[in-house]
Amino acid sequence: MDFGRTFRNGSMITIISQIIKIGIGLIITGILSRLLTPDEYGVVAIVFVFLNLFDLLSNIGLGVGVIQFKNMSNEELSYVHVVSIIISFFMMAAFIISSPLIVIFYHEPLYYKIIPIVALNIVLTGYRTIPEAILRRDFKFKRLNILFLISDISGGVGAIFLAYTGWGV
């Protein structure tokens, strides 16, 4: 494998994918900002700040470890995957348990309803972390970025659909 060529191709794919991802994000954000009230949009924004924090804590470097240790057996990868999923469930529970503190701080009882639903995303991240790391380790950037784009588009379309049909926040 020619590392220089692989690096160039992977970099170009990632750059193009990031540009597309930013464009999709801007379009989805623009549409949602028109469909939701400013208060609803603010509630969602605050919840996503906390979601990103707990999501970051649930990904404690296991993916980076898989990338660095290239000779892991399938059994070891399976074990690390299970650990990642277990940690993500604990982080989801911590997010949900912390919701009363968030409600008290922001004086918004709507967080009680939103946080348990949004917290499911942490578990999805736990399921995704190790397979994503394997794709990165194996320089499968095209496949990885296609999956990210599909995920972003489907999540955005779902959010727009729910907002448009009146589900609100």
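## Contacts, helix packing and ring pairs

Leaving aside residues up to four places away in sequence, T129 touches N59, G63 and S84. The model in which these contacts are found is a predicted one, and T129 itself belongs to helix 7, which covers residues 120–137. T129 has a relative accessibility of 8%, and because buried means under 20%, this residue counts as buried.

A second residue can be read in the same manner. S17 is found in helix 1, which runs over residues 3–35, and, again not counting residues up to four places away in sequence, S17 touches N145 and L149. The relative accessibility of S17 is 5%, so this serine also counts as buried.

With these two sites in mind, the overall architecture can be described. The protein contains eight helices and zero strands, so that, by the helix and strand assignment used here, its pattern along the sequence reads α-α-α-α-α-α-α-α. The C-alpha trace spans about 55 × 35 × 25 Å along its principal axes, and 32% of the 169 residues of the protein count as buried. Among the contacts with a separation of 6 or more, 76% are accounted for by residues 24 or more positions apart.

The packing of one helix pair can be followed in detail. Helix 2, made of residues 38–58, and helix 4, made of residues 74–97, have axes that come within 9 Å and cross at roughly 150°. Because angles over 145 degrees count as roughly antiparallel, helix 2 is described as roughly antiparallel to helix 4. The crossing in which helix 2 passes helix 4 is right-handed. On the side of helix 2, the contact is made by V47, F50, L51, F54, L57 and S58, while helix 4 contributes I87, S88, M91, A94 and F95.

F50, one of the helix 2 residues in that contact, also takes part in a grouping of aromatic rings, since ring pairs link F50, F105, Y106 and Y111 into a cluster. In the whole model, the count comes to five aromatic pairs. One of them joins Y106 and Y111, whose rings lie 6.0 Å centre to centre with 70° between the planes, and this pair is edge-to-face. The two tyrosines fall into separate accessibility classes, because Y106, at 32% relative accessibility, counts as partly exposed, whereas Y111, with a relative accessible area of 3%, is buried. A further pair is formed by F139 and F141, whose ring centres are 6.0 Å apart and whose planes stand at 70°, so this pair too is edge-to-face. Here F139, with a relative accessible area of 31%, is partly exposed, while F141, at 18% relative accessibility, counts as buried. The assignment of F141 follows because the limit for a buried residue is under 20%.

Which residue lies over the face of F148? The answer is K21, which is placed at 5.4 Å from the centre of that ring.

Taken together, the description moves from the contacts of T129 with N59, G63 and S84, through the right-handed crossing of helix 2 and helix 4, to the cluster of F50, F105, Y106 and Y111, with F50 appearing both in that cluster and in the contact between the two helices.

Conventions. Residues numbered from 1 in each chain as written. Predicted model: local features only at pLDDT ≥ 70, side-chain atom pairs only at ≥ 80, totals over all residues. Heavy atoms only, no water. Phe/Tyr/Trp six-rings, centres within 6.5 Å; stacked < 30°, edge-to-face > 60°. Buried < 20%, exposed > 50% of the residue type's maximum accessible area, 1.4 Å probe, protein only. Lys NZ or Arg CZ within 6 Å of the ring centre and 35° of its normal. Axes fitted to C-alpha atoms, helices over the stretch in contact; angles between N-to-C directions. Helix = DSSP H or I, 4+ residues; strand = E, 2+ residues; numbered from the N terminus. Parallel < 35°, antiparallel > 145°, perpendicular 65-115°, else oblique. Left-handed = near helix turned anticlockwise from the far one by under 90°. Contact = heavy atoms within 4.5 Å.
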